[in-house]
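Please open the model in your viewer and keep a selection tool at hand. The stops below follow one another, each giving something to select and then a description of what is found there.

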Amino acid sequence: MAAHNTAAQPEGGPPARLADDTAQGRTTIASTVVQKVAGLAAREIAGVYALGGGVQRAFGALIERIPGAGTSTTAGVTVEVGEKQAAIDLDIVVEYGAGIVDLARAVRRNVITNVERITGLEVIEVNIAVNDIHLPEENGDGDQAQSRVE
Amino acid sequence: MGAAEPARPVDPAERVEAAVLAHPAVARLDGGFASYLPGRRVDGVRLAERTSVSVVLKFGVLKSARPIPEVVAELRAAVRAVTGPAPVDVTVADLEVL
């Protein structure tokens, strides 16, 4: 069998791409899979409060960096998955006090390491947008309810 | 899983299903396509000139040093042990995160 696509392409559902094509059969990794791995890897880093928030830069995603690759977004993670490569955009909210430059570098490193190891795809870029900072007394998890006088 | 009673013959799709589910990294088969048998349907398995399976993998197992290509190669070998030499297309449709 030649390394050529014959029949039976997408099965419906989320955009999915082949990552491998051999005489023994094709391997397809859905973009949801890459999204989940990237999202979990980003959250692992201390100082990342949340993913998403702010306006997800949906229009930026219209510019395709990998020809023919579908783009999909969930909760601050946008991925484009091609046959051998993936590009990842992250929208993150950082904890107050975290050094953003160092934090972004750590997030990028962890995302690349995990996605490449788990999916076998080459990560060509990880763009990180820090769109908010989380202050400790937001969300009422501070001592809002405590009154100053007894 | 595969019907063990001899009353009904076990369909090849059910044997493929059992082979795939036996892998520790597989959470379940995905319902993107299915094999339709009398009385039941086997999600995520299609037998034609090519065999196709669609799986949801367990993130926890992958995280502890089992890359997807390795798991897929093992699944492909397990399925080919059941179906013979036909090419096996494997789709990783999703991850189950616990």
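Select strands E5 and E6 (residues 88-96) of chain B together: E5(B) and E6(B) pair in the parallel sense, and 8 bridges are found between them. To locate the pairing in this predicted model, pick Thr51(B), whose bridge partner in E6(B) is Val88(B).

Keep E5(B), residues 51-58, in the selection and colour its residues by burial, since this strand is mostly covered, with 7 of its 8 residues buried. In a regular strand the side chains alternate between the two faces of the sheet.

Now add strand E4 (residues 45-47) of chain B, which pairs with E5(B) in the antiparallel sense over 3 bridges. The connection between E4(B) and E5(B) is a hairpin that passes through 3 residues, and Leu47(B) is the residue that stands opposite Thr51(B) in E5(B). Thr51(B) is therefore worth labelling, as it has Val88(B) for its bridge partner in E6(B) and Leu47(B) standing opposite in E4(B).

Next, select strand E1 (residues 26-29) of chain B, which runs antiparallel to E5(B) and is joined to that strand by 3 bridges. Here the pair to display is Arg28(B) and Val56(B), the latter lying in E5(B), for these two residues stand opposite each other.

Leave the strands and move to helix H3 of chain B, residues 68-83, which has 16 residues and reaches 22 Å from its first C-alpha to its last, close to the 22 Å expected at 1.5 Å a residue. Which residues of H3(B) are buried? Show Ile68(B), Val71(B), Val72(B), Leu75(B), Arg76(B), Ala78(B), Val79(B) and Thr83(B), which are the buried ones. These residues cover an arc of only 165° around the axis, which puts them on the same side of H3(B). An α-helix has 3.6 residues a turn, so residues three or four places apart point the same way. Turning the view to the face of H3(B) directed away from its buried side, you find the exposed residues Ala77(B) and Ala81(B). Just after the helix, select Gly84(B), which follows H3(B) and has a positive phi, near 90°.

Zoom out to the whole of chain B, whose secondary structure comes to 3 helices and 6 strands, and follow the elements from the N terminus in the order α-β-β-β-β-β-α-α-β. The radius of gyration of chain B is 13 Å, close to the 13 Å that the globule rule gives for 98 residues, so the chain is as compact as a globular protein of that length. Along the principal axes, its C-alpha atoms fill a box of roughly 40 × 30 × 25 Å, and 41% of the 98 residues of chain B count as buried.

Bring chain A back into view and select the contact, which takes 23 residues from chain A and 22 residues from chain B. On the side of chain A that touches chain B, the elements giving two or more residues are strand E1 (16-22), strand E2 (25-30), helix H1 (31-44) and helix H2 (100-119) of chain A, and E2(A) provides the largest share, 6 residues.

For the last stop, display the largest nonpolar core, which has 52 residues; Val34(A), Ala38(A), Ile88(A), Val115(A), Val20(B), Val53(B) and Val55(B) are those with the most contacts inside it. Centre on Ala38(A), which, leaving aside residues up to four places away in sequence, touches Val77(A), Val79(A), Ile88(A), Val111(A) and Val115(A).

Methods
Residues numbered from 1 in each chain as written. Chains lettered and ligands numbered in written order. Predicted model: local features only at pLDDT ≥ 70, side-chain atom pairs only at ≥ 80, totals over all residues. Helix = DSSP H or I, 4+ residues; strand = E, 2+ residues; numbered from the N terminus. Rg over C-alpha atoms; globule rule 2.2 N^0.38 Å. Buried ≥ 20, exposed ≤ 12 C-beta atoms within 10 Å, placed from the backbone. Core = buried A, V, L, I, M, F, W, Y, C linked by C-beta atoms within 7 Å. Contact = placed C-beta atoms within 7 Å. Expected span 1.5 Å × (residues − 1). Arc of directions from axis to C-beta. Pairing = 2+ DSSP bridges.
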